[in-house]
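Colleague: I am new to this model and would be grateful for a close look at a single part of it. Please take the central sheet of interest as the starting point and lead me outward from there.

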Amino acid sequence: MAMPRSSFFSFSYGFTYDVFLSFRGTDTRYGFTGNLYRALSDGGFCTFIDDRELHGGDEITQSLVKAIEESMIFIPVFSINYASSIFCLDELVHIIHCFDQEKGRKILPIFYDVEPSHVRHQTGSYGKAIARHEKRFQNNKEKYNYNMKRLHKWKMALNQAANLSGHHFNPRNEYQYKFIGDIVKNVSNKINRAPLHVVDYPVGMQSRVLKVNSLLEVASNYEVKMIGIYGLGGMGKTTLARAVYNFIANQFECVCFLHNVRENSAKHGLEHLQKDFLSKTVGLDIKLGDSSEGIPIIKQRLHRKKVLLVLDDVNELKQVQVLAGGLDWFSVGSRVIITTRDKHLLSSHGIELTYEIDELNKEEALELLTWKAFKSKQVNSSYEHVLNRAVNYASGLPLALEVLGSNLFGKNIKEWNSLLDRYERIPNKEIQKILKVSFDALEEDEQSVFLDIACCFKGYNLKQMEDMLSDHYGQCMKYHIGVLVKKTLLRICRWNYSVTMHDLIEDMGKEIVRQESVREPGKRSRLWFHEDIFQAIEENSGTSQIEIIHLDFPLPQAIVEWKGDEFKKMKNLKTLIVKTSSFSKPLVHLPNSLKVLEWHGLKDIPSDFLPNNLSICKLPNSSLTSFKLANSLKERVMISFSSSCIQIYYLLTIHFFRFGLSFLQMFLGMKVLHLDKCYRLTEISDVSSLQNLEEFSFRWCRNLLTIHDSVGCLKKLKILKAEGCSNLKSFPPIQLTSLELLELSYCYRLKKFPEILVKMENIVGIDLEETSIDELPDSFQNLIGIQYLILDGHGIFLRFPCSTLMMPKQSDKPSSMLSSNVQVIVLTNCNLTDESLPIVLRWFTNVTYLHLSKNNFTILPECIEEHGSLRILNLVCIKL
């Protein structure tokens, strides 16, 4: 099957001919016009010339009309008898019509031994010819009106064409060959250059070109526009820019495509790019000592020119500033296109019009790979599986698909699979080199953060990841992550705020770390691949180089053989995450350098572990039976784990002198503590030592019975989750001024809502779904910041403070800010009646979402009309 044509992206898209020659055959066909045609053709310009001597009928043919409409540059040769031909005049009218439609068309009139004023004002031979036509038309009464309109159009066309800049040739004073050479040069300048090569297989390109073209609005000549095309390396930004350039270049007076700006500016300097720009647009060859000298020259020479400028692969703001500094540098209608990997660079230059190039979809990727690998769109069905495997590996990256296709060309299925196996272990060097350019452009801290994410944290929630990395680097991660996003190395999913990246970018980051020590994983900075972690542990080859270990066992039955003290050599280990644990012996040592500890199913904590650096501690599914942190420096502090109550004892007086810190200081850094699904946990004891704790979660601890009062006194606590503690009967009083979220849902035996001892302005939401709470205390009104409240009475008559919902309707509204802040309230299965519902509505006057399903009222009270903010009312299972 033939290869796909890329004619859509040719420079003269929409034009069959570069030049259309309009002339009076008897005057110049075998002389000047014939020689001009030959010179244009020899110059590589597709030129239309009408070889027919005679025309049938009284009007130009449709084929001639079509040729005019498909031509870009028109050259009317105004010879002495040109106006005598009605066919020449009709041609000229249609030429002027097409010229008025613009689309980059140009008219280059030639006055061959004729004064331009004779053409402009229809004097001399032109006046006589027009007079003869007019006299002939007057004798044709049937077509008189039609012909007079036609005559008027001829006059207007002659006038308009003669007003355009052209060439005046006097055969008695000039050499014809030199004159024709100047015309060919002029045509060359107007057409600018041959089309740029785009790609052999323009798969998926047409739709993307049209999208960019719609943003450019080339037909609009009222302003200068700059647009940025950004995306990953290898995504096809340059290819797209070339295609767009070819598609629209003929509509500009001056055009310039500056390739590889990043590379060329580094090699030759910015002044070299300025010289190239001026040379390609206005033919100026000038020496520049510094880029500052080029700026005023560019502005002076181009501020009246309609310019198309493409700056390809820009990586520094300075490059844009010296080549396209402001919108006032060029004439209205000009367009500047910039391709870059850095979105922030575009916004820094004030470029708001941007297009992020997206990956090829699966169908497009499969088509491109098939063309590259088989040079055909048809392929043996036996290759279907391995083709899909290759497409999945490339993840829509055109560069990867082209490299894969080229490397797989002519190979059998077994060789395909073998090569893909190798690439999945070790990325292709050609792809790696292109992608690594973005990494090399990062600052040192940004590189380190990127490697952390690529190796260990892809897919994590944004805030969760920011918290962990902040503990690593001792600074806010928002800036660094923002840089990575703007450089298109990271993406943040809008719907769940998870952090993701292109699969091959992830592979690139992992390969950088693998190269730190190809054969000895224990000497790398980050470990994530289970086989590498097993090797480092089982060989006890870990070193102080390791900063992060992220272990997710591929198979539950995989067991790691160890002594339990293999972490001793990892003195700089900051993050240890073990998703599932299958170790042959208990853990006996953890490095004190740990800042983040997450271990699912941990059975015990080593007795020598000092958590003074620990900021995030997550121990879900552990065998913890009690959690105690005593305040007294005179007592021993005990944290017991497992049914055998393996204990950690710190003799505080000894530790104080030995380590120079008190036990309280050890825990001052802890911000996050998760004890979810610790099914043996029966009590939460004194936690007053955790004064900087911001998030405390012990969800689904179904055997938890008691919670120490200190839980309600943690001043910095923002999130408190006790969801699913099904045996918990009471909750301590709360004075958590920083609290934003309280979750007590599915605490089935919890009958009383905790007392609120202080006004809490930061509280946003409370979830009491599926509890046995039948009354909200008066102190509930202290929750003055609450915005959403979820209550499920489980069929219980729910009572509100200061009023019983069973009581008659009251006219006074509660004197609390609570009612004015709540926007979302869910009161399902709360036994609300016709008497109690109006009281609820008075309490929550500004609610926007109200869920009242599974209740017992039969009518909606009139006061609901007062709820002007209400947008959604759910009455499922209500019989009204």
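Which residue is the bridge partner of Gly 228 in β11?

Modeller: The bridge partner of Gly 228 in β11 is Thr 354. Before going further, please note that this is a predicted model, in which local features need pLDDT of at least 70 and side-chain atom pairs count only at pLDDT 80 or more, while totals for chains, interfaces and linings use all residues. Residues are numbered from 1 along each chain as its sequence is written, and side-chain values use heavy atoms, with hydrogens and water left out.

Gly 228 and Thr 354 belong to the pairing of strand β7 (residues 225–230) with β11, two parallel strands joined by four bridges. Strands (E, at least two residues) and helices (H or I, at least four) are DSSP runs numbered from the N terminus, and two strands pair if DSSP finds at least two bridges between them. The strands β7 and β11 are part of an open sheet of five strands, in the order β8-β9-β10-β7-β11, with parallel pairing. At its edges stand β8 and β11 (353–356), each with a single partner strand, so one side of each has no neighbour in the sheet. On average, neighbouring strands of this sheet are turned by 15° against each other, direction ignored. Such angles are taken between N-to-C directions and run from 0 to 180 degrees; the axes are lines fitted to C-alpha atoms, for helices over the stretch in contact.

At the β8 edge, strand β8 (residues 254–258) pairs with strand β9 (residues 307–314) over five bridges, in the parallel sense. Leu 258 of β8 has Leu 311 as its bridge partner in β9. Five of the five residues of β8 are buried, that is, under 20% relative accessible area (exposed means over 50%, partly exposed in between, with a 1.4 Å probe and protein chains only). In a regular strand, side chains alternate between the two faces of the sheet. In β8, Cys 254, Cys 256 and Leu 258 point one way, whereas Val 255 and Phe 257 point the other way.

Helix α12 lies across β8 and β9 and runs at about 145° to β8. Leu 273 is found in this helix, which spans residues 270–282. With a relative accessible area of 2%, Leu 273 is buried. Leaving aside residues up to four places away in sequence, Leu 273 touches Leu 258, Val 261, Asn 264, Ser 265 and Leu 323; contact here means heavy atoms within 4.5 Å. One of these contacts, Val 261, is 12 residues from Leu 273 in sequence and 7.7 Å from it in space, C-alpha to C-alpha.

Two helix pairs elsewhere may be described in the same manner. Helix α16 (residues 362–374) packs with helix α18 (residues 398–408) at an angle of about 30°, their axes being 7 Å apart. That makes the two helices α16 and α18 roughly parallel, on a scale where angles under 35 degrees count as roughly parallel, over 145 as roughly antiparallel, 65 to 115 as roughly perpendicular and the rest as oblique. Residues meeting across this pair include Leu 368 and Leu 369 in α16 and Leu 401 and Leu 404 in α18. Ser 395 lies in the loop between α17 (384–394) and α18. Its phi is near 50°, a positive value in a residue other than glycine, and at 19% relative accessibility Ser 395 counts as buried. Most residues other than glycine have a negative phi.

The second pair is helix α2 (residues 32–42) with helix α8 (residues 176–191), which pack at an angle of about 45° with their axes 10 Å apart. The helices α2 and α8 are therefore oblique to each other. Among the residues that meet here are Phe 32 and Leu 36 in α2, and Phe 179 and Ile 183 in α8.

Finally, some figures for the whole: the protein chain has 29 helices and 32 strands. Of its 880 residues, 53% count as buried. Among contacts between residues at least 6 apart in sequence, 61% join residues at least 24 apart.
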